Amino acid sequence: MNMLEVRHLKVWDQKSHNVIIHNSSFQLKAGQCLAIVGESGSGKSVTCRSLMRLNKPGIQQSGEIVFKGEYLNQLSDKEMRKRRGRNIGMILQNGMRAFDPSSVVGVHCKETLREHFGWSKSEIEEKMTKAMERVLLKHPMELLNKYPYQLSGGMLQRLMIALALVLSPDIIIADEPTTALDTISQFEVVEQLMGLRESTGCSMLFVSHDLGVVQKIADEVLVMRHGEIVESGTTQAVFSEAQHPYTRYLVSTRRELGANFNMMMQEDNMC
Amino acid sequence: MGLYMVKKLILSIPLLFVISFLTFILINLSPMDPAEVVLRAQEVPQITEELIAQTREALGLNKPFLNQYTDWLLACLQLDFGDSYVTGESVWSLIGPAFLNTLKLTLVSSAAIIVLSIVLGVNCALREGTLVDQSIRGMSFLLTALPSYWLASIMIWYFSVKLDLLPTSGMESYASYILPVTVISVGYIGIYFRNVRSSMLNQLNEDYVLYGRASGLSEKKITLHILRNSLQVAVSIFCMSIPIILGSTVVIENVFAWPGLGRLSVKSILSRDFPIIQAYVLILAVAFVLFNTVSDIINAALNPKLRKEF
C-alpha cells in the first residue's frame, strides 16, 4: 500500500519563472524508508517542503500529492495545518536553529502537543519525559527548561525525534538530519531514527547526501539532479548496479567520505 | 533577571555623574558673565564693576569651580535647581509643570508610535509584496517626508478651522492631544515600522518558523514567536525615541501653544537664563540614560543570551 504518492510535482519561482522541480513522481510505501539523495540545490529540500505545502512565499507548485487516498493539494489551509505534525512530521537539519532561540525548548513541544491533542501540562510532561528517555536524553524536565543555545545539535535533533515519537505521525520527513552533526552524534541520531521507525511503524522520507547513512537506513532510493529524478530503485540495486552515470559517480565518491560512519556502525554491530 | 536589573541600574550611576559634570562645564564655558545677565534682567540702569562683583559674590561665582559644582549637584539632587536669573522664581516651579506637560505629550505619542509601528510592521511583513504592503510603505514615505510644522499647520487649518472638530492650540482637554500627537507620531512611525517589518522578514526565513509550521502550530502562535525575536532592535529604538521626542518638541509646542519644556527652553536660551538651561539639559540627559537602561532590561527579558553574558 502506498502511504504517499506524488504525481507530476512541479515547483517554480513565480517571479523569475525559474523551474526548481520539473516533473517528479514517486511513491512512499507504508512502513518503508525512501531516501532522496543528490547534491546541494538538486531540489531535495524543496520536494520535502512541497509535500507539506510549506514553500517559501513566491514559490508555486502543481501536481498531486496523495496521502492515504486524500489529495493534500486540494485541502484547505486549515485542514492542511491539522495534518502537519500529527500525520506528517518533519525533522530538520540544524537543531540549533529549529527552535525559537528566545524560548526554552519545552515551549515548542508544549505548544505542538496542545495544538494536536489538547493535553494538560502534566500529561504533556509525562509523555515527553517518557519519549525523551527513549532517545537517551537524560534529565528530561531540566532539558525542556533550557534554551536552544544551551544544548548541543545532537541533543536538539534527538529532542525533535522524541517529539515525533509522541506525535507518532504516519510519515516522517527527515531533511538532512545528520548533516550538521559530528560522526558520533550522527551515529546516535541515525540509531534513534531507526528506533522511531520501529516503534511507531511510520514511513520515512529521508533526505541526505551522505550515502553511508542512506545505505544503512533506506529501503529505496531516489537520486535527484537539477530538479529531476535521474534514478530510483531499491537501495541495494542503486548502490550495486546504478544505471545513470551521475549515480555511479555519487556512489564512488561518497563511499570514501562515508567510510568513518560505516566503520562506527560496523563496530557497533560487532559489540 | 532581578540581579541583572540591579546591576544595570547601579552601572548607570557613574554615567549620570559624568553627564552632570559635563552639563555644568558647558554652561560655564559660555562667554556671558552670569552676574551681568542677572543685572540686565533686573533692569539695573547702570552696571558698574562694583555691582558685578557684588552679584558674583551673592551667586557664589567666586568660589572654586569644583565647589560650585558640588554645591549645584547637591542642590539638584534635592530638586533645587536654583532661581531663574530673569524672573527670580525657583527653576523647579517653572520647569516642573512644563516638564510634566511635555512628558504627557511624549508618552502619549510614544505609545501611539510603538503600537502603530508594530501593527503596521507585522502586517506588512506577513503580506510582503502585496498591494497592502506597498501602499502602506508608499504612504509612510510620503508622510515622513513632510515637514512637521507644515503638516501641523495644514491639520489645524483643516480639522480645527474648516471642520471645527478639534481645538487649535493649548491643552484644555483630551481632544487637544489629537493633533500634536498625530503630527509627532507620523514621522517616527514611518521610520520605525520599516524596522519592525524588515526584522520580521529576516525572522520569517529562520528554520524555527518552518519547524513551527511543520509541527502544525497556528499562524498566530508562530507570529508571536517571530515578533518576540524581531522586537529586540525595535525596543532599543523605541526606548531611545522617548527622550528624543522629549527634547525635540520645540516646533510642535510652538505651533500648538503647548505649555511645555520646548517653549520654556527656547525662551530661556534667548534670555540666557542659565539655571533653567542647566536644569533642562540635565533632565534630558538623565532621561536618555534612564531609557537606555530600560531598553537594556527589556531586551534582556526578551533575549536569554544577553542575560547570560552578564
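Helices here are DSSP runs of H or I with at least four residues, numbered from the N terminus. With that in hand, the pockets and the chain contact of this predicted model can be walked through in turn.

Take the second largest pocket to begin with. Its lining draws its largest share, four residues, from α4(B). That helix, spanning 65-77, has company: α1 (2-28), α2 (34-41), α3 (49-59) and α13 (274-302) of chain B also supply at least two residues each. The volume comes to about 690 Å³, and 27 residues make up the lining, with Leu59(B), Leu61(B), Gln68(B), Tyr85(B) and Gln278(B) closest to the centre. Sorted by class, the lining holds 13 nonpolar residues, nine polar ones and five charged ones.

The largest pocket has about 1300 Å³ of space. Around it sit 34 lining residues, and those nearest the centre come from both chains: Asn55(A), Lys56(A), Pro57(A) and Gly58(A), joined by Arg213(B). Two elements of chain A, β4 (59-67) and α2 (77-83), give two or more residues to this lining, as do α5 (91-126), α8 (175-204), α9 (207-214) and α10 (219-247) of chain B. Of these, α2(A) gives the most, at four residues. Charged residues number 14 in this lining, next to 11 nonpolar and nine polar.

Then there is the contact between the chains themselves. Chain A puts in 29 residues and chain B 23. Together they bury about 2400 Å², and carbon and sulfur atoms account for 57% of that area. On the polar side, 10 residue pairs are in polar contact across the interface, counting pairs with both residues at pLDDT 80 or more. What does chain B bring to its side of the contact, element by element? Helices α9, α10 and α14 (304-309) of chain B each give two or more residues. The largest share is that of α9(B), with seven residues. By class, this side of chain B is made up of eight charged, eight polar and seven nonpolar residues.

Salt bridges between chain B and chain A come to two. One of them pairs Glu206(B) with Arg97(A), where the closest N and O atoms are 3.7 Å apart; that counts because the cut-off for a salt bridge is 4 Å.

Helix α9(B) turns up in two places, then: among the elements lining the largest pocket and as the largest contributor to the side of chain B that touches chain A. Helix α10(B) likewise gives two or more residues to the pocket lining and two or more to the side facing chain A.

Methods. Residues numbered from 1 in each chain as written. Chains lettered and ligands numbered in written order. Predicted model: local features only at pLDDT ≥ 70, side-chain atom pairs only at ≥ 80, totals over all residues. Heavy atoms only, no water. 1 Å grid on protein atoms, 1.4 Å probe; cavity = no way out; pocket = protein on both sides within 12 Å on 5 of 7 lines; lining within 4 Å. Points joined across faces, edges and corners; volume = space filled by probe spheres on them. Nonpolar A, V, L, I, M, F, W, Y, C, P; charged D, E, K, R; others polar. Contact = heavy atoms within 4.5 Å. Buried area = accessible area lost by both parts, 1.4 Å probe. Salt bridge = Lys/Arg side-chain N within 4 Å of Asp/Glu carboxyl O. Polar contact = N/O pair within 3.5 Å; in protein donor to acceptor, adjacent residues only side chain to side chain.
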